[in-house]
Amino acid sequence: MEEILTRLIAGWEGECVEFKEATDNFSTSDIGKYFSALANEANLRGLDSAWLVFGVNDKTRRITGTPYRENHERLHSLKHQIASDTDPNTTFREIHELHLPEGRVILFEIPPAPRGIPIGWKTHHYARDGETLTGLSLVKLDEIRAQSVSEDWSAVICREATLDDLDPTALAKAREIFIAKYGGRIPETAIRDWDTGTFLDKARLTIQGGITRAALILLGKPEAAHHLSPYVAELSWKLEGPELAYEHFHPPFLLATSRLYENIRNIRLTVLPSGQLIPVEISKYDQRIVLEALHNCIAHQDYARCERVLVIERPSELLFQNAGAFYDGSPEDYYLSDKTPSRYRNRLLAEAMVHLRMIDTMGFGIREVMFKGQADRLLPLPDYDKTGPDHVVLRLQGRFIDENYSRMLLANPDFDFVDIVALDRVQKGITPASETVNSLRRRKLVEGRKPHLHISSLVAAATGQKAAYIRTRRQDDSFLEKLVLDYLAQWKQASRGELDDLLWPKLPESLDVGQRKTKIHNLLGRLSRGHMIRNTGTRSSSRWVLVSESKKPDKSKE
């Protein structure tokens with residue numbers, strides 16, 4: 001570090017080095033601004049690091065020493081403070097403290113901004129103009145943002161990484177998987193005879209022996225993750241609900257994903273087939289589906305955003321979140337058609353994961369494994385809750401929403417997948433396209449008025465859910481009107497609250513509170529306009545009675 005300090009002083013200040021004498025109360029906000037500026041300038045110049053140096057006079061080039069945060073813990077707590085207000089969240093690669101005869105010097109080592117993403121401080125982006133701190137110009141901003149258009153982040157070689165940075169257990173597992181996949185094309189003895197370097201090149205994990213970021217993510221030792229800095233390779237499982245827990249998982253991801261799956265609570269669910277007494281048992285989550293979703297997150301994560309992959313477990317669902325937009329097309333392109341992706345955010349990583357049987361690159365995983373897998377298990381289909389520019393969020397249900405839907409799939413194993421998707425939307429309260437609804441109606445699969453569709457009476461009756469169907473179907477208005485008239489004939493009068501109590505249980509459960517009140521209001525209005533009942537009270541305190549025959553208008557005279 002003394003040699004680095006000597007070199008920095010000799011080269012003096014430029015866009016990527018800043019010297020300050022710095023008292024103990026030097027502004028943290030100013031440090032954040034310099035962090036943003038120096039990180040962005042290091043990116044633009046292709047440097048490994050930028051430097052903020054305390055304890056050197058910026059005029060005389062002399063070491064003067066600094067009293068800034070002399071307590072070790074307080075000094076290194078600055079890392080957390082900087083990470084909290086930078087966007088994307090990042091911090092110093094290291095804080096070096098030198099005690100020299102001339103005085104104490106602190107060298108803050110700042111990593112370059114990730115390719116394609118400028119570093120901001122409290123929503124503002126900074127840069128340098130010579131030795132002056134300025135805002136990041138549009139020219140520089142565009143230059144940084146254009147970097148990630150065609151570069152494969154996962155194919156970058158980590159020059160300081162060696163084979164010793166790879167996990168032996170993960171390496172052995174990778175070779176066995178490779179043999180199982182390609183043993184029919186390449187003699188098993190030949191694959192076993194390959195040295196480690198040859199095998200890694202064949203599996204697309206290295207490039208001419210160079211250890212790539214893809215290799216470190218899938219096979220690297222946890223302690224080798226510093227070769228990826230400032231980028232993050234981390235999976236986080238978080239339990240939400242009555243109980244709270246979390247755990248972070250680091251490379252090698254080839255092994256870590258199975259360990260994360262073991263944390264997920266996987267109870268058994270039961271569904272009773274129509275006309276049978278023995279229920280069918282289904283696991284809440286299927287390992288193949290969970291790992292397919294998790295491996296997709298790893299393959300398509302935008303690592304340049306310096307975020308972790310999140311798996312959030314709630315009592316009835318799993319959420320999978322990765323950074324970056326859906327890279328090629330939309331989710332519907334893959335589960336409703338046979339789209340094959342034409343490009344990949346992390347091409348080398350995706351190819352390596354194919355060789356290790358973690359994903360496929362033909363787009364079959366979403367449709368065949370996750371969506372059809374959930375349908376085969378009689379559970380709701382996955383949902384892509386968010387596919388914006390920042391994140392992709394996949395929701396995987398671990399519960400029955402409408403058991404009629406599940407029984408229908410159980411009774412019709414050859415049901416058309418397009419219809420399954422449409423009925424899944426119906427059970428989730430989503431109205432399919434009009435032509436789809438009409439098709440379902442013609443085959444008597446759904447009933448009700450849009451948007452309050454539900455599984456039809458034929459399916460409900462066939463599945464033993466007659467009572468549940470009656471509670472959810474729309475009752476005829478004539479039935480509801482007769483209830484009101486019979487009530488008034490018996491009790492002579494009724495308030496609006498009493499009529500609400502009468503009609504409320506008869507209304508379909510699919511209506512919310514406001515819709516039920518509107519329904520009753522309209523029904524009473526029709527009876528009043530038809531001269532069947534009238535309000536003898538006020539608007540706010542109604543008192544409904546029957547209109548006697550003598551008081552009914554003579555329609556023959558009208």
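Here are some questions and answers about this predicted model.

Reader: What is the mean pLDDT of the chain, and where does pLDDT stay under 50?

Author: Good place to start, as this is a predicted model. The mean pLDDT of the chain is 86, and 91% of its residues reach 70 or more. Where pLDDT is low, the predicted coordinates should not be read in detail. That caution applies to the stretch where pLDDT stays under 50, residues 458–467.

Reader: Are the rings of Trp 153 and Tyr 303 stacked or edge-to-face, and what is the angle of their planes?

Author: A pair of aromatic rings is described by the distance of the centres and the angle of the planes. Planes under 30 degrees apart count as stacked, and those over 60 as edge-to-face. Here the centres are 4.7 Å apart, and the pair is stacked because its planes meet at 10°.

Reader: How many residues apart in the chain are Trp 153 and Tyr 303?

Author: Trp 153 sits in the loop between helix 5 and helix 6. Tyr 303 belongs to the loop between helix 11 and strand 15. Both residues are buried, and the pair links parts of the chain that are 150 residues apart.

Reader: Which side chains of strand 13 are buried?

Author: Along this strand, residues 268–271, the side chains alternate between two faces. Arg 268 and Thr 270 point to one face and are not buried. The side chains that point to the other face are buried, and they are Leu 269 and Val 271.

Reader: Which residue of strand 14 forms a salt bridge with Arg 268 of strand 13?

Author: Strands 13 and 14 run antiparallel and are joined by four bridges. Val 271 stands opposite Val 280 in strand 14. In the salt bridge, the closest N and O atoms are 3.6 Å apart, and the partner of Arg 268 is Glu 281.

Reader: Is Asp 383 buried or partly exposed, given its salt bridge with Lys 428?

Author: The two side chains meet at 2.8 Å, N to O. Lys 428 lies in a loop and Asp 383 in strand 17, so the pair ties together parts 45 residues apart in sequence. Lys 428 has 22% relative accessibility and counts as partly exposed. Buried means under 20%, so Asp 383, at 19%, counts as buried.

Reader: Which residues are linked with Arg 314 in a network of salt bridges?

Author: One step in it is the salt bridge between Glu 317 and Arg 314, with the closest N and O atoms 3.1 Å apart. Glu 317 is buried at 9%, while Arg 314 is partly exposed at 29%. Linked with Arg 314 in the network are Lys 238, Glu 240, Glu 317, Asp 385 and Arg 395.

Notes. Residues are numbered from 1 along each chain as its sequence is written. This is a predicted model: local features need pLDDT of at least 70, side-chain atom pairs count only at pLDDT 80 or more; totals for chains, interfaces and linings use all residues. Side-chain values use heavy atoms; hydrogens and water are left out. Rings of Phe, Tyr and Trp (its six-membered ring) pair if their centres lie within 6.5 Å; planes under 30 degrees apart count as stacked, over 60 as edge-to-face and the rest as tilted. Buried means under 20% relative accessible area, exposed over 50%, partly exposed in between (1.4 Å probe, protein chains only). Two strands pair if DSSP finds at least two bridges between them. pLDDT is the predictor's confidence in each residue, from 0 to 100. Contact means heavy atoms within 4.5 Å. A salt bridge is a side-chain nitrogen of Lys or Arg within 4 Å of a carboxyl oxygen of Asp or Glu.
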